[in-house]
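Student: I have a structure open in front of me, and I'd like to learn how to read it. Can we go through it together?

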Amino acid sequence: MMGDHSGRTRRRGEELLKAIHDAVLEEVLEVGVARLTMDGIGRRAATPRTTLYRRWSSPVEVLLDALYHQHPVEEPAPGADDLRGDLIRALRLMTEWAFSRAGRAVAAILTDPKSAELMSEALHERVFAGRGGTFTLTVLRHYADRGHFSAELITPVVADIGEALVTKHLLDRGAPPTDETLEAIVDQAILPAVGFGPRA
């Protein structure tokens with residue numbers, strides 16, 4: 001007669017990694033960065049903490065890895081023939097991410113002074129920078145590299161415009177911006193900043 005483990009499959013590779021990433025994001029949303037532990041992550045992921053220590057040295061390392069892997073990356077049109085559409089899609093991607101588990105975890109970290117002090121630099125260096133920086137930056141660089149406008153126009157302020165306006169909308173309304181709002185941000189702020197006049 002087979003034992004109790006006959007119907008269970010041992011998780012490995014990507015399946016196990018995803019379970020751990022999901023677990024650390026759920027854990028940080030519930031207990032915060034300061035109370036994050038390998039034991040807590042392991043319990044939530046149904047994984048021994050020894051498994052975690054084989055890959056990461058601390059709970060914060062697990063968290064940063066999860067945020068990196070679950071941070072979306074813009075995919076501009078290969079032919080660089082739809083700047084406006086690519087910018088709108090980039091802001092839509094940001095909006096979807098903001099309401100995801102990873103986006104909510106980042107918001108929780110950055111709105112808690114102690115967590116922000118501990119993690120903001122690492123978030124920017126090891127998550128955001130590695131995934132293209134601010135939303136729309138990958139798109140803007142893609143089109144500048146292909147001669148649609150000068151790369152010198154992509155200043156830090158210009159790179160931040162779309163993300164800042166979407167963030168303000170989220171803070172003011174507590175709800176995702178509509179496509180009409182995203183289009184207005186692109187048409188009235190980002191495109192004029194790189195030399196394209198407002199749409200009629």
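## Reading the model step by step

Tutor: Sure, let's start with one residue and its neighbours. Leaving out residues up to four places away in sequence, Glu27 touches Gly32, Leu36, Gly40, Ile41 and Arg44. Keep in mind that this is a predicted model.

Student: Where does Glu27 lie?

Tutor: You'll find Glu27 in helix α1, which covers residues 13–31.

Student: And is Glu27 buried or exposed?

Tutor: The general idea is to look at relative accessible area, where under 20% means buried. Glu27 has 8%, so it counts as buried.

Student: Since the model is predicted, what is the mean pLDDT of the chain?

Tutor: The mean is 91, and 92% of the residues reach 70 or more. Among the helices, look at α10 (residues 179–193), where confidence is highest, at a mean of 97. Confidence is lowest in helix α7 (residues 113–128), at 91. Now go to residues 1–9: there the pLDDT is below 50. That stretch also has zero contacts in the model beyond near neighbours in sequence.

Student: How do I read a phi angle?

Tutor: Start with the sign: most residues other than glycine have a negative phi. Then look for residues that go the other way. Ala46 is not a glycine, yet its phi is positive, about 55°. Ala80 isn't a glycine either, and its phi is positive too, at about 50°.

Student: Where do I look for Ala46 and Ala80?

Tutor: Both are in loops. Ala46 is in the loop between α2 (38–45) and α3 (49–55), while Ala80 is in the loop between α4 (59–69) and α5 (83–98).

Student: Which of them is buried, and which is exposed?

Tutor: Try the cut-offs again: under 20% is buried and over 50% is exposed. Ala46 has a relative accessibility of 63%, so it counts as exposed. Ala80 has 3%, so it counts as buried.

Student: What about empty spaces inside? How many cavities of 30 Å³ or more are there?

Tutor: The count comes to one. The largest cavity has a volume of about 30 Å³.

Student: Which residues line the largest cavity?

Tutor: Its lining is made up of His71, Pro72, Glu74, Arg131, Gly132, Gly133, Thr134 and Phe135. Sort them by type and you get two nonpolar, four polar and two charged residues.

Conventions. Residues are numbered from 1 along each chain as its sequence is written. This is a predicted model: local features need pLDDT of at least 70, side-chain atom pairs count only at pLDDT 80 or more; totals for chains, interfaces and linings use all residues. Side-chain values use heavy atoms; hydrogens and water are left out. pLDDT is the predictor's confidence in each residue, from 0 to 100. Helices (H or I, at least four residues) and strands (E, at least two) are DSSP runs, numbered from the N terminus. Contact means heavy atoms within 4.5 Å. On a 1 Å grid over the protein atoms alone, a cavity is a set of points where a 1.4 Å probe fits but cannot get out, and a pocket is an open set with protein on both sides within 12 Å along at least five of seven lines; lining residues have an atom within 4 Å of a point. Grid points are joined across faces, edges and corners, and a volume is the space filled by probe spheres set on the points. Ala, Val, Leu, Ile, Met, Phe, Trp, Tyr, Cys and Pro count as nonpolar, Asp, Glu, Lys and Arg as charged, and the others, Gly among them, as polar. Buried means under 20% relative accessible area, exposed over 50%, partly exposed in between (1.4 Å probe, protein chains only).
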